[in-house]
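Here is a friendly walk through one structure, with its open and enclosed spaces and a few residues worth a look. Have the viewer ready as you read.

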Amino acid sequence: MIDRYTTPAMQSLWSREAKAQRWMEVEVAICEAYAEQGEIPAEDMARIRSGAGFDIPRCDEIEKETRHDLMAFVRCMSEYVTQSANLTEGEPTPARWIHFGVTSYDVIDSALGMMMRDSCDVLIESARRLREPMRNLAVDHVGTPCIGRTHGIHAEPITFGFKVNGWVQELDRSIRRLQFCREEIAVGKISGAVGIHAHVSPEMEANICRRLGLGADPSSTQIVARDRHANLLCALAVLAGSIERWATELRNLQRTEILEVQEEFAAGQTGSSAMPHKRNPWNSETLCGLSRVVRGNCHAMLESVMTWHERDLTNSSLERIVFPDTFNLLDFMLNRFAKILTGISVRSDQMMANLRQMGDLVFSEHVMVALVRAGLPREAAYKAAQRNAAKAWDGASFKSAVMADEEIRGLIPSAEIEELFSLEHHLRHAGSGFAPEKF
């Protein structure tokens, strides 16, 4: 992932150094479990603990020979342990116990479980930080009328806070999904080459995983089954889709013809290299573009649920890309959208002007419902409201047209017609169903 779309929190989890550190923690935990059983002498275990280390350039150098990154790491780590052990001539090196009785993916997948668990924690925290300005925006504007639109066309009045409250509820659902996926992905496996526990018993595996803060996969093959990982990537793709939905709404509301909100525009900021007047919704547009990458990564991971027999290598290469990139992108997107909402300008006067643009045409359903209540068949009530709405499309006031319609006046008293066009009455339930203050 290019630096532009990374965050320090995620980079600290997915850098090469961070991954190698997790590998080392798994290797040491395996040795600790063997030492507990008396397989590894206490002195050797002490030397492994104190001497464990690695060097990325040295790993790269060894990998030119091994063409296997984990084995290059194991050799590098073994060199560190041997060099620090101060061995007497002929004394066996304690490094011989490193990677004892395990296969590469015992280390790689257990480390990956730790990395993905911690990445979920970062995303949950970022989502909760986004929730605060989002909910504040909803609460602050629960009484700010604006027009609701369907198919891009004026529908009925809502409030801006009502709109944003839906975003808060959607974000809460994604947080719950992440919490579930976090528990599902926090597993490791120390079950050997095909998962049959030929050298490490299930009890010992559980012990090692506990040391690493993981559960033990109850039935792994050479790898942890990728349905867990695919499910997490799906949850991340849904969250990215939500961010895109919210960002697209803000983009549309910033159109010159609508102009109900504006992203923060700093002094000296450039909107266009050619047109000095431009104030583009570039932050929202960025998020919409990045969401497409996340969805693509999700599709790639879904393809990797299938492996040949107890495993093949088709998942390995793509996971080196989709895991770090997706987690970095989502954390960037959550934090960027929080920044957008913190600086957003809500133009309530323009919202009201747009709402009133069609001369109260948006109250047509109220007229139809009132006519049904007065005794008209629904189809006749619909046509009565529609014929007056057609006059409004031609430039007349819908309310005035309804007041002048003899059929309607004969069924609905003038005072009741006035209430049908009451914005306050229409919006009386706008504050219901608000998300809780804390989540």
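## A buried asparagine and its partners

The side chains of N354 and E260 are joined by a polar contact of 2.8 Å. Please keep in mind that this is a predicted model. N354 sits in helix α12, which covers residues 348-355. Is N354 buried or exposed? With a relative accessible area of 5%, N354 is buried, because anything under 20% falls in that class. Leaving aside residues up to four places away in sequence, N354 touches R149, H154, E257, I258 and E260. E260 therefore appears twice in this picture, as a residue that N354 touches and as its partner in the side-chain polar contact.

## The largest pocket

Next, the open space. The largest pocket holds about 480 Å³. Its lining is made up of 22 residues, and those closest to the centre are K19, W23, D69, M115 and R320. Which helices each supply at least two residues of this lining? They are α2 (16-36), α4 (56-66), α5 (69-84), α6 (104-140) and α11 (314-343). By class, the lining has 14 nonpolar residues, along with two polar and six charged ones.

## The enclosed space

How many cavities of 30 Å³ or more does the structure hold? There is one, and the largest cavity has about 40 Å³ of space. D109, L112, G113, M116, I185, V187, V224, R226 and H229 line this cavity. Helix α6 gives the largest share of the cavity lining, with four residues; α6 also supplies at least two residues to the lining of the largest pocket. The cavity lining divides into five nonpolar, two polar and two charged residues.

## Two histidines with positive phi

Two loop residues that are not glycine have a positive phi: H99 and H309. The table sets them side by side.

| Residue | Phi | Loop | Relative accessibility |
|---|---|---|---|
| H99 | near 65° | between α5 and α6 | 13% |
| H309 | about 50° | between α10 (282-303) and α11 | 71% |

Why does H99 count as buried? Its relative accessibility is 13%, and the class takes in values under 20%. H309, in the loop between α10 and α11, is exposed because its relative accessible area is 71%, where the cut-off is over 50%.

How values were computed:
Residues numbered from 1 in each chain as written. Predicted model: local features only at pLDDT ≥ 70, side-chain atom pairs only at ≥ 80, totals over all residues. Heavy atoms only, no water. 1 Å grid on protein atoms, 1.4 Å probe; cavity = no way out; pocket = protein on both sides within 12 Å on 5 of 7 lines; lining within 4 Å. Points joined across faces, edges and corners; volume = space filled by probe spheres on them. Nonpolar A, V, L, I, M, F, W, Y, C, P; charged D, E, K, R; others polar. Buried < 20%, exposed > 50% of the residue type's maximum accessible area, 1.4 Å probe, protein only. Polar contact = N/O pair within 3.5 Å; in protein donor to acceptor, adjacent residues only side chain to side chain. Contact = heavy atoms within 4.5 Å.
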